[in-house]
Each structure stands twice: as structure tokens, then as C-alpha cells.
Amino acid sequence: MSAQFDVRYTAQLARLHLSEDEIVKFQAQLSQILTYVEKLEQVDVTGIEPTAHANAVFNVFREDAPRDWFTAEDALANAPRSANQLFIVPKVIE
Amino acid sequence: MELSSLSLTDAQASLRAKEVSPAELLRALDARIARVDPQIHGYLSRDLDAALACAEKADVSLPLGGLPIAIKDVINVRGEPCTAASKILQGYRANYDATVIRKLRAAGAIPFGRCNLDEFAMGSSTENSAFGHTRNPWDTTRIPGGSSGGSAAVVAADEAFAALGSDTGGSIRQPAALCGIVGLKPTYGRVSRFGLIAFASSLDQIGPFTKTVRDAGLVLNAIAGRDPQDSTSLDEPVPDHTALLGRDLKGLRLGMPREYFIAGLDPQVDAAVRAAVRHYESLGAEIVEVSLPNTEHAVGVYYIIATAEASANLARFDGVRYGHRAADATGLLDHYGRTREEGFGPEVKRRIILGTYVLSSGYYDAFYLRAQKVRTLIRRDFSAAFEKVDAIICPTSPEVAFKAGDRSDDPLKMYLADIFTIATNLAGIPGMSIPCGFASVEGRPLPIGLQLLGKPFQEAQLLQIAHAYEQSTDWHKARPTLA
């Protein structure tokens with residue numbers, strides 16, 4: 001499986017640009033790590049349920065009631081770009 | 001004796017006896033930090049004026065009244081930076097308190113100082129910080145452990161009475177061991193993570209670093225409990241975690257897992273931990289050999305599950321709502337790609353890619369689902385062991401602090417540093433590290449940690465077991481010598 005590992009394609013999926021140097025380096029390092037984790041193939045997991053959380057709790061609900069929380073000013077306080085109480089984002093639709 | 005070298009309990013006694021004021025304690029710490037932190041770099045920032053303003057109103061009758069506590073720079077404190085040691089959050093200022101901070105304030109404590117870490121808590125040496133390495137106070141050419149290396153180093157160097165860290169695969173216990181102090185990772189669900197910058201949400205827990213076992217119990221008392229803002233925090237009763245301290249160990253059974261005493265374990269660590277086991281026998285505990293047969297798979301399972309969750313959690317860093325934003329993007333994909341390229345460091349990038357890959361179409365079942373199933377086997381190992389014993393005793397780390405730079409280019413070797421701490425997080429059980437001796441390396445003493453693992457929500461008993469050892473040994477009294 002690790003033989004098919006392609007850093008360049010995976011980085012695109014992660015919306016992460018990489019330099020050519022990083023691509024070469026990560027391809028080697030992560031292939032080594034994937035070979036290590038592939039040892040898990042040897043474990044017999046027939047009939048074993050997966051664990052998603054150590055102490056699983058389900059359906060935690062709360063009242064859908066209004067409460068005091070961030071104001072628009074709070075929410076925008078750390079925005080790299082904002083105007084008129086809005087986040088400025090790059091143009092999405094051509 | 002300098003004020004800064006007090007334990008949390010002794011500092012509290014001094015405050016309550018009116019021998020010292022909260023402001024004087026803060027100024028003593030600040031002076032100590034100014035003197036020794038240039039050698040350690042355990043802090044990324046601190047705001048003395050904000051802390052002094054809290055000190056003015058401090059009520060020393062509260063459980064932690066007037067006591068300053070240092071905070072890993074991954075937990076939000078209103079008005080302060082929270083960088084996660086990443087360039088992507090440089091300049092960010094929190095405008096809310098994490099639940100643990102709200103609870104510390106309610107107990108009278110004063111958050112003071114932001115501790116260095118591996119970027120986004122990813123690492124075992126604090127070398128992955130974008131803002132410079134933290135150094136081990138016992139030997140400043142060596143690493144303090146990680147990822148909460150700053151929190152551990154500042155407590156060990158008497159630059160803090162206590163600190164909060166977070167532990168996803170050992171990030172509290174391993175640096176506590178390597179710096180010779182107490183570190184406690186509570187049960188998954190014991191402490192709210194609301195306001196903690198998420199790394200791997202099925203594993204992360206917040207916990208204390210302290211100079212003594214009692215101090216760890218005091219801090220846990222303040223931060224534990226269900227929080228409606230973290231749906232994974234559990235509605236379990238919170239006992240007084242100092243209530244069992246001082247009780248004897250007669251009738252308690254401690255398990256030695258044979259898979260944790262392996263070739264590759266540093267002989268000096270092996271000897272110190274075995275001596276601690278014999279010491280426990282002399283204190284009346286019964287020692288039983290137990291087996292955790294899936295231990296060898298823990299690192300592999302962890303690096304699939306933790307990276308998968310990290311790749312999802314770190315998707316929020318998109319250059320829109322907070323943090324770094326690449327200039328002059330030519331379009332949306334260019335904006336995301338370059339914002340994240342410029343903001344994240346190498347280890348974070350590696351883990352995002354690994355996590356994205358194991359979740360990607362065609363590989364999910366082979367990697368992620370299989371890892372979750374092996375995680376079930378690891379949990380079962382602990383459940384079976386805890387049918388025979390009350391707690392597990394083993395090394396925290398297979399080695400003592402290594403030299404800075406030794407592994408920075410070998411991620412797999414770095415990952416194996418966490419071999420004894422990772423399974424705890426996968427099982428969700430509580431664990432702690434306490435000092436149990438020193439190795440002599442190049443003529444210098446380097447601390448060794450003893451790890452104690454307990455049943456879910458049995459932190460009080462774990463602290464009792466740790467306290468009995470601590471009070472009958474002198475390791476916790478040793479302090480590094482700093483100029």
C-alpha cells in the first residue's frame with residue numbers, strides 16, 4: 001500500500017502546498033512510517049468492533065436556547081482581513 | 001530559600017499565613033524567569049501586569065487562591081496570545097477563556113505565562129516549536145521532552161509552581177519524566193477540552209505538571225468535571241483528589257507489564273524502575289506480572305488515528321477567521337495551499353499528509369478502520385489487566401533526555417520515544433509520571449520517570465499510590481543547578 005503513496009496528490013487533498021524539496025523528503029520519510037504502520041496487517045481483527053472514542057458517549061444534547069457568546073466584533077477580532085462586519089475571502093466563483 | 005522554589009502547597013501555606021502576598025509570589029516568579037529563562041526558553045510570553053491585576057483581587061481562602069499557574073500555549077486565556085508554537089497563529093489573541101482557565105480562576109488561581117511546546121503539540125522534544133527550542137534544566141544541551149516541554153521545564157527550573165499541559169500520546173508524562181517532576185494525564189473525559197486547540201480529539205486530555213503529587217491533586221480538583229461545552233467530558237463525580245493521600249498500600253496490587261521491560265530499554269532506566277517496584281513491595285503493595293500483548297502495535301495505531309484526527313482538526317486553519325493569510329492569492333486553492341504552506345512547520349505538514357492519506361478513498365479501511373479495531377484490542381488488554389491489579393507500574397520513557405538535534409531528521413525514531421505512553425491515551429485511562437531516580441550520563445544526573453497507570457476515573461487512587469512512593473523517597477526534592 002505504501003508503494004502507492006503519492007505525497008503530491010495527498011498534499012492537494014489536504015489543501016497544502018509543498019516545495020519540491022519537501023515533496024522529495026516527505027515521500028521518503030512518510031513511506032518509511034507507512035511501512036512501519038503496515039505491520040498492523042498482521043493483527044487478527046476478525047469480528048472486532050472499532051473504537052472511535054475511549055469512553056464513548058452518544059447523543060449529547062442541550063437546550064437549543066440563545067445565550068451570550070461572541071459578538072460580531074469578537075468573532076472578527078483575529079481575522080486577517082475583514083470589512084463591514086464580514087470576513088473577506090478570496091473570490092470563489094469565477 | 002527562594003520563594004520561587006516553593007511547591008504549590010507550600011506557596012499556598014505562605015499565602016494563607018500572610019507571610020507573602022500573591023503579588024510578591026508573582027514578582028518572585030517573574031524575577032526567576034528573567035534570570036533563568038534565557039537558558040531554558042520554557043516561556044513564549046508572559047503578562048505580569050495582567051497577572052498582578054488578578055493578584056490584587058485574589059482570595060487566598062479559595063482552593064488555589066492567589067497561586068500563579070503557567071499555561072501551555074495551546075489553551076486559550078482571554079486577552080493573551082495562543083500560538084500553539086506555530087507561525088500560523090502568530091499575532092492571534094484569545095478572546096475567551098478555556099473551561100480549565102475559567103475553573104482555575106473560580107478556584108482563585110492566576111494564569112501566568114505561556115509555555116513553549118512542539119507546534120500544535122506534535123512532537124516529543126519541543127524542538128518543533130516555530131519560536132525556538134526549550135532546553136532541559138538538568139542539561140541545557142538536551143531536550144526537555146515534549147510536546148509540553150515548556151510546561152515541564154519551567155516547573156523543574158522553579159519558574160512556575162505548577163503548569164497545565166496537554167497529553168495526546170504522552171505529552172505530559174514524557175516531559176515530566178525527562179525533567180524530573182510530576183505529570184498527570186487524567187482519564188479521557190475527566191477534564192473539559194473546551195478552549196484547548198485540538199490535535200487528536202479522541203485522545204487529547206489536559207493535566208497538571210507539579211513539583212509534588214499532592215500539588216497535582218490540588219490542580220486536578222480545580223479543573224476536573226463535566227462541562228456542557230465539551231460533549232466528551234463525562235458526568236462522573238469528582239472526589240477530593242487529596243483525600244486518599246497518606247493511606248498505606250497494604251492489599252493493593254500493582255501490575256508489571258512484561259512488554260514494558262524490553263531490550264532497548266536504557267539499562268539505567270530499567271534498574272531505577274525495578275528498584276521502585278521493590279520499594280513498593282517494601283511499602284506493602286503486592287507486585288503481579290501482567291501482560292499487555294498488543295503493546296507493540298500501539299505506536300502504529302497511534303500514528304494512524306492521531307494524524308487522521310489532526311488532519312481534520314487542522315483544516316480550520318484556512319487563513320480566513322484567524323491566523324496567517326498568504327498575500328496576493330491568485331484564487332481559492334492558491335489561498336489555502338500557500339496560507340498553510342507558509343504557516344505550518346515540517347512536522348505538522350508531515351502529519352497532515354499522513355492523516356489525509358490514511359483517511360483517503362481506498363485506504364480508509366486498510367489503515368484507519370483497522371487501526372480503530374486494533375485500538376479495541378489495546379483497550380481490552382488494559383481491562384483484562386485491571387481485573388487482576390489496581391494499577392500498572394512501568395517506565396514512562398525508555399530513555400532519559402536525549403541531545404537536542406539528535407533525531408530532528410528521523411521522525412520514526414522520534415515517534416518511538418512515546419512507546420510506553422501512547423497506549424494509555426488509546427485506552428483512555430489515567431496515567432502519571434513521578435521522579436524515581438537519576439541516570440548518570442557524561443557525568444551529569446538526568447531524571448528518570450516512573451509511570452503509574454490506573455483504572456478510568458481512579459485518579460485519586462493513582463495519586464495515593466504515587467504519594468506513598470514520593471513520601472518515602474527523596475527524588476522529588478532534587479533540583480537542577482542553574483546559573
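Where does H12(B) bend, and by about how many degrees?

## Helix H12 of chain B

In this predicted model, H12(B) bends by about 30° at Arg370(B). The helix covers residues 364-385 of chain B, a run of 22 residues, and from its first C-alpha to its last it reaches 31 Å, which is close to the 32 Å expected at 1.5 Å a residue.

Arg370(B), where the bend lies, is also one of the buried residues of this helix. Among the others are Phe367(B), Tyr368(B), Ala371(B), Val374(B), Ile378(B) and Phe382(B), and the list also includes Lys373(B), Arg375(B) and Asp381(B). The cover over the buried residues of H12(B) includes the strands E7, E8 and E9 of chain B together with the helices H9, H11 and H14 of chain B.

## The contact between the chains

Where chain A and chain B touch, 44 residues come from chain A and 56 residues from chain B. On the chain B side, H9, H10, H11, H12 and H13 each supply at least two residues, and H12(B) gives the most, with 11 residues. Sorted by class, the side of chain B that touches chain A has 27 nonpolar, 17 polar and 12 charged residues.

## The two domains of chain B

The domain assignment divides chain B into domain 1, residues 3-246, and domain 2, residues 296-374. The centres of these two domains of chain B, taken over C-alpha atoms, are separated by 27 Å.

Contact between them involves 20 residues of domain 1 of chain B and 17 residues of domain 2 of chain B. On the side of domain 1 of chain B that touches domain 2 of chain B, 10 residues are nonpolar, eight are polar and two are charged.

Terms used
Residues are numbered from 1 along each chain as its sequence is written. Chains are lettered from A and ligands numbered from 1 in the order in which they are written. This is a predicted model: local features need pLDDT of at least 70, side-chain atom pairs count only at pLDDT 80 or more; totals for chains, interfaces and linings use all residues. Domain bounds come from an automatic or database domain assignment. Two residues are in contact if their C-beta atoms, placed from the backbone, lie within 7 Å. Ala, Val, Leu, Ile, Met, Phe, Trp, Tyr, Cys and Pro count as nonpolar, Asp, Glu, Lys and Arg as charged, and the others, Gly among them, as polar. Helices (H or I, at least four residues) and strands (E, at least two) are DSSP runs, numbered from the N terminus. The expected span of a helix is 1.5 Å times one less than its number of residues. The bend at a residue is the angle between axes fitted to the seven residues ending there and the seven starting there. A residue is buried if 20 or more other C-beta atoms lie within 10 Å of its own, exposed if 12 or fewer, and partly exposed in between; C-beta atoms are placed from the backbone.
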